[in-house]
Amino acid sequence: MPVKFSALALGLTGVIALTHPLYASETSPSNQDQRVQEARGLIKNYAGQLKTTLVHAIKTDGAIAAIDVCARQAPEIALSLSEDSPWTIGRTSLKARNSGSAPDAWELTVMADFQKRLQAGEDIKTLDHQELTENGTVFRYMKAIPTGGLCLTCHGESIAPDLKHQILSFYPDDRATGFKAGDIRGAFTLQKDLSD
């Protein structure tokens with residue numbers, strides 16, 4: 001009986017919190033929409049900078065140079081954007097190359113849903129998810145990353161031996177291969193603390 005009462009009390013507390021004017025304004029559709037637009041803008045900036053850097057490295061020094069870009073410069077771009085905004089920005093994947101960017105439990109759930117939605121015929125470019133977590137104090141957003149032609153050089157089914165050797169020198173536990181064009185390569189993952 002105490003468990004049922006506790007669950008009821010928690011449920012009522014949630015209803016009261018949701019109807020409180022301050023909470024309601026924080027979670028109103030316009031605030032949610034604004035956060036989604038902010039997240040998408042940061043992703044566009046991050047993806048644009050990363051792609052430009054990758055293309056330049058490949059044209060200048062070949063595909064092996066792309067490994068260094070992903071290993072060193074991609075995290076620097078993400079960190080710079082995170083420092084200049086109230087967001088934490090990163091990338092993750094179900095088949096991570098860098099164990100440091102392996103998905104947490106929430107990200108795993110979202111990406112599993114992305115896979116189901118893709119298999120059901122949804123356009124990969126529209127796969128995103130937003131959610132208030134941590135009792136409404138953290139806004140999280142994810143957007144799927146499609147596997148494009150540029151990705152296949154280092155993440156495809158057939159990788160040149162010298163390139164594979166270089167990848168393994170940076171990432172000995174690499175699992176990020178075997179992708180085909182149109183697969184979900186991973187996801188951009190962002191969060192914003194709303195408690196400040």
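How far apart should the ends of α4 be, given its 21 residues at 1.5 Å a residue? The expected span is 30 Å, and the end C-alpha atoms of α4 lie 29 Å apart, which agrees. The model discussed here is a predicted one.

## Overall layout

The protein chain contains 7 helices and 4 strands. Along the sequence these elements come in the order α-α-α-α-β-α-β-β-α-α-β.

Of the 196 residues in the protein chain, 34% are buried. Taking contacts between residues at least 6 apart in sequence, 68% of them join residues at least 24 apart.

## Helix α4

Although the end-to-end distance of α4 agrees with the expected span, α4 has a kink of about 40° centred on V69. V69 is itself one of the buried residues of α4. The others in that buried set are A65, A66, I67, A74, I77, A78, L81 and S82.

## Nonpolar cores

The largest nonpolar core is made of 23 residues. Within this core, the residues with the most contacts are Y46, W87, I89, F139, Y141, F188 and L190. At least two residues of the core come from each of α3 (29-61), α4 (63-83), β1 (87-92), β3 (138-146) and β4 (184-193). The element that gives the most is α3, with 8 residues.

Y141 illustrates how one core residue reaches several parts of the chain. Neighbours within four places in sequence aside, Y141 touches V36, A39, R40 and I43, among others. Its contacts also include W106, D128, H129 and Q130, as well as F188, T189 and L190. A second core, separate from the largest one, has 10 residues, among them V110, F114, A144 and A187.

## Aromatic pairs

The whole structure holds 3 aromatic pairs. In one of them, the ring centres of Y46 and F188 are 5.6 Å apart and the ring planes meet at 65°, so the pair is edge-to-face. Because Y46 belongs to helix α3 and F188 to strand β4, this pair ties together parts that are 142 residues apart in sequence. Y46 is buried at 2% relative accessibility, and F188 is buried at 9%.

Another pair is formed by W87 and F139, with ring centres 6.0 Å apart and planes at 80°; this pair is therefore edge-to-face. W87 lies in strand β1 and F139 in strand β3, so the pair ties together parts 52 residues apart in sequence. W87 and F139 are both buried. The four residues Y46, W87, F139 and F188 are also listed among those with the most contacts inside the largest core.

## Cysteines

How many disulfides does the structure hold? The count is 0. For C70, the nearest cysteine sulfur belongs to C154 and is 6.8 Å away. Because a disulfide requires sulfur atoms within 2.5 Å, C70 is in no disulfide. C154 is likewise in no disulfide, its nearest cysteine sulfur being that of C70.

Is C70 buried or partly exposed? With a relative accessibility of 24%, C70 counts as partly exposed, because the buried class ends at 20%. C154, by contrast, has a relative accessible area of 9% and is buried.

Definitions and conventions
Residues are numbered from 1 along each chain as its sequence is written. This is a predicted model: local features need pLDDT of at least 70, side-chain atom pairs count only at pLDDT 80 or more; totals for chains, interfaces and linings use all residues. Side-chain values use heavy atoms; hydrogens and water are left out. Buried means under 20% relative accessible area, exposed over 50%, partly exposed in between (1.4 Å probe, protein chains only). A nonpolar core is a set of buried Ala, Val, Leu, Ile, Met, Phe, Trp, Tyr and Cys residues joined through side-chain atoms within 4.5 Å. Contact means heavy atoms within 4.5 Å. The expected span of a helix is 1.5 Å times one less than its number of residues. The bend at a residue is the angle between axes fitted to the seven residues ending there and the seven starting there. Rings of Phe, Tyr and Trp (its six-membered ring) pair if their centres lie within 6.5 Å; planes under 30 degrees apart count as stacked, over 60 as edge-to-face and the rest as tilted.
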